[in-house]
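Student: Please give me a close look at one helix, and then follow the buried parts outward from there. What should I look at, and in what order?

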Amino acid sequence: MRDFAAELNARHEAGLNRTRRLVRGPQQPSLTADDTSLLAFCSNDYLGLASHPEVCAALTTAVSDAGVGGAASHLICGHHDYHHQLEQRLADLTGRSAALFFSTGYMANLGVISALVGRGDTVFSDRLNHASIIDGCLLSRARIQRYPHNDMDHLADRLAATSGHKLVVTDGVFSMDGDMAPLRELAALCREHDALLLVDDAHGLGVLGERGAGSLEHLGLSEQEVPLLIGTLGKAVGTSGAFVAGSQLLIDYLVQKARTYIYTTAMPPAVAKATCAALDLVEQGLARRRHLVHLIRRFREETQALGYQLMPSATPIQPIMVGDNWTALELSRQLEDRGLLVTAIRPPTVPEGQARLRVTLSAAHTDADLDRLLTALADCRPVPEA
């Protein structure tokens, strides 16, 4: 029998053991974790909508009207009018012809990728893509070619040398580095080499673009240039679930083929209705996005002045590079001693030797909140080697 205890012990000794925090109360920058009051800089609630009164009120009203459970899959009797309203709303926001609502972002990537490619096809995936994309590629049983991060020359060579049906899949904003994919170049390459392009914009939706529609709006990329867009609703939108948006033809195809959509109970209709209210706030959230940009610029300037190494990111994801697992854990612990929650990210989530503190900023943070973080980082900064 496999020695599970030994594996767990080895993870602990390597500084890779993962633990859960027990959070009480609403999700917001000031929260209670393990009965300790902390100021969090590790949430993906980029616009501060997870506990917004209008979203909470919409959910309460919708529960009274539609109940709690989804009761059945979408293709049986679980596709509620609230789900339909949300799909129309998402298509409108993203400038796509249609949208399909999934229960989670992980399920969206598994279902969409495995529906679009199969045995005999080829899928090209950026090496820093999210785990759900990697698993979707594996589940598809297609040939997988992972190209170096954002390396368009390498991808162009591989596309040119590959025949048959081809899918290129990338994150829009990379979840651990915070940088963006070169989407204009990717779109041009896919057109040139007759490949289908799929962008997972989980960390761009709500944050980027004049209306908060994400990376594609930010860059002005149409449905013709990027045929399929995946987005999650549990980050900047502040609720739960995910979607894929694209042409009516492709959405109709996914209704028939995406197993994670077909064979699961629909999300509670009330969550879909609350999400519509949240999307109203996203579209009206230009001031929130401007405040977020201000916080990002301040953080980068002042943290680098303290001697910390940051990644080249202009998004709310601002990793502080540390390298060693135990050093990252110690820096996280020191910040927590000062009332700040910033999680250490270690392999296999990031490559070996690239452990980091993944700082995430939210429009709900104030300048005073950022001052607290910067003061603590100044207190904890490593002493330069002689």
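Tutor: What follows begins with one helix and moves on to the cores, a sheet, a buried arginine and a strand.

The model is predicted, so local features need pLDDT of at least 70 and side-chain atom pairs count only at pLDDT 80 or more, while totals for chains, interfaces and linings use all residues. Residues are numbered from 1 along each chain as its sequence is written, and side-chain values use heavy atoms, with hydrogens and water left out.

Start at helix H7, residues 152-160, whose buried residues are Met 152, Leu 155, Ala 156 and Leu 159. Down the axis of H7 these buried residues fall within an arc of 100°, so they line one face of the helix. The arc is taken from the directions that run from the helix axis to the C-beta atoms. Asp 153 and Asp 157 are exposed on the other side of H7. Buried here means under 20% relative accessible area, exposed over 50%, and partly exposed in between, with a 1.4 Å probe and protein chains only. Helices (H or I, at least four residues) and strands (E, at least two) are DSSP runs numbered from the N terminus.

The cover over the buried residues of H7 includes strands S5 (122-126), S6 (143-147) and S7 (166-171), and helix H8 (183-192). At the start of H7, the backbone nitrogen of Asp 153 has a side-chain oxygen of Asp 151 within 3.2 Å.

Leu 155 leads on to the largest nonpolar core, which has 81 residues; Leu 155 is among those with the most contacts inside it, as are Val 168, Leu 186, Phe 299, Leu 361 and Leu 373. Helix H12 (residues 269-283) gives the largest share of this core, nine residues. Such a core is a set of buried Ala, Val, Leu, Ile, Met, Phe, Trp, Tyr and Cys residues joined through side-chain atoms within 4.5 Å. Apart from neighbours within four places in sequence, Leu 373 is in contact (heavy atoms within 4.5 Å) with Phe 41, Phe 299, Leu 340, Val 342 and Val 359. A second, separate core has 28 residues, including Ala 108, Val 112, Leu 116 and Leu 254.

Next comes an open sheet of four strands in the order S11-S12-S15-S14, with antiparallel pairing. Strands pair if DSSP finds at least two bridges between them. S12 (residues 317-323) and S15 (residues 355-360) share six bridges, and Ile 320 has Leu 357 in S15 as its bridge partner.

Turn now to Arg 89, which sits in helix H4 (residues 81-94). Arg 89 is buried, with a relative accessible area of 16%. Its side chain makes a polar contact of 2.7 Å with the side chain of Asp 280. A polar contact is a pair of N or O atoms within 3.5 Å; within protein, one must be able to donate a hydrogen and the other to accept it, and residues adjacent in sequence count only if both atoms are side-chain atoms. Beyond its neighbours within four places in sequence, Arg 89 also touches Cys 276, Leu 279 and Glu 283.

The last stop is strand S10 (residues 242-246), where five of five residues are buried. Ala 242, Val 244 and Gly 246 point one way and Phe 243 and Ala 245 the other. S10 pairs in the antiparallel sense over five bridges with S4 (residues 98-102), and over five bridges, also antiparallel, with S9 (residues 228-232).
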